[in-house]
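Me: I keep running into labels for protein structures without knowing where they come from. Could we go through a few together?

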Amino acid sequence: MAITPSGVMTPTHSTSTGRITMATRLITEWRRMARQPHNIRRANGLGLPGEPVSHLQEILLRSGLDDLSNADHFDEYLAQLVECAKNDDLATRMVFQRIMPGLIAMAMRRAHVTAGGLPAAFDLIASSAWLVIRRYPIDRRPRRVAANLLMDIEYQAFVREPRLKRNRAELHFAPAGLLGIEFERFRMGETEIDPVGTSAALDLMFSEFEKRGLTEYDLQILRAVCHDINSVEMAPHLNIQPRSVRNRRERAISKARKILLEIDDIDF
């Protein structure tokens, strides 16, 4: 799925996306918003790096839209935009538009298991996306932002809300069961895991993983498992095959288990 600099979806997927009324409406709305002077002034007042823009699509391109290189400077720009989105509706809308190709691809992937098909799948995704973008903990997860947002949105739309009967064959990230150790030291009074990764208990655990050398790639895979996203669903976000995801997941889980087994006491 690709979007031209004007914000229009390429004809390659016109048949599929033409059935997503909300997506079509949002793209039409974006084309109007992106050229309105008052929105351009607001966007230029957000403090984002670079020269002032003359069209909001420039901000999407600076944050990596239509670029497959995953260059750090795109990720850093998107991270700053997400930071702005915590308190700014226009910034939130721009983040949404930045990840729109991924949201449409997600809807197409989920359509066959969603009551109502493709339009209903996208409606679920769109309603979840705003909440996830506004709550995304950019200070703790500042890398691979687009992929992490998409994973969190998929979790929010299709796992947390019991709208689908999912295949539970794969291992879940119930931390004590997965890692084989007592998890209460990390719980800090929490009774449930936050749907978008902001649980105090999980945050402490992932912070400890990072301190002890787990890579960003390891952490991303573990968060996906934490969100109950299986290897087939995870693969598009990581740009690898499901079999490779499963192999890397097992290695990441093994590393995490080893770290937790080494921890005797943590000074909170």
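Me: What makes α2 and α8 oblique to each other?

Reply: In this predicted model, helix α2 (residues 21-33) packs against α8 at an angle of about 50 degrees, with their axes 8 Å apart. Angles under 35 degrees count as roughly parallel, over 145 as roughly antiparallel, 65 to 115 as roughly perpendicular, and the rest as oblique. An angle of about 50 degrees falls in none of the named ranges, so oblique is the word. By the way, axes are lines fitted to C-alpha atoms, for helices over the stretch in contact, and angles run from 0 to 180 degrees between N-to-C directions.

Me: How do you know which residues make the contact of α2 with α8?

Reply: Contact means heavy atoms within 4.5 Å. That picks out M22, A23 and L26 of α2, plus F122, D123 and A126 of α8. By class, this contact has five nonpolar, no polar and one charged residues. Here Ala, Val, Leu, Ile, Met, Phe, Trp, Tyr, Cys and Pro count as nonpolar, Asp, Glu, Lys and Arg as charged, and the others, Gly among them, as polar.

Me: Why are α6 and α8 called oblique?

Reply: Helix α6 (residues 89-98) and helix α8 (residues 117-135) pack at about 130 degrees, with axes 10 Å apart. An angle of about 130 degrees is in the leftover group, so this pair is oblique. D89, T92, R93, V95 and F96 in α6 meet F122, A126, A129, W130, I133 and R134 in α8. Those residues divide into seven nonpolar, one polar and three charged.

Me: Why is V95 called buried?

Reply: Buried means under 20% relative accessible area, exposed over 50%, and partly exposed in between (1.4 Å probe, protein chains only). V95 comes out at 0%, so V95 is buried. V95 touches L81, V82, A85, I133 and L149, leaving out residues up to four places away in sequence. V95 and V82 are 13 residues apart in sequence and 6.6 Å apart in space, C-alpha to C-alpha.

Me: What counts as a helix, and how many are in the protein chain?

Reply: Helices (H or I, at least four residues) and strands (E, at least two) are DSSP runs, numbered from the N terminus. On that basis the protein chain has 14 helices and zero strands. Of its 268 residues, 50% count as buried.

Me: How are the residues numbered, and which ones are used?

Reply: Numbering starts from 1 along each chain as its sequence is written, and side-chain values use heavy atoms, with hydrogens and water left out. Local features need pLDDT of at least 70 and side-chain atom pairs count only at pLDDT 80 or more, while totals for chains, interfaces and linings use all residues.
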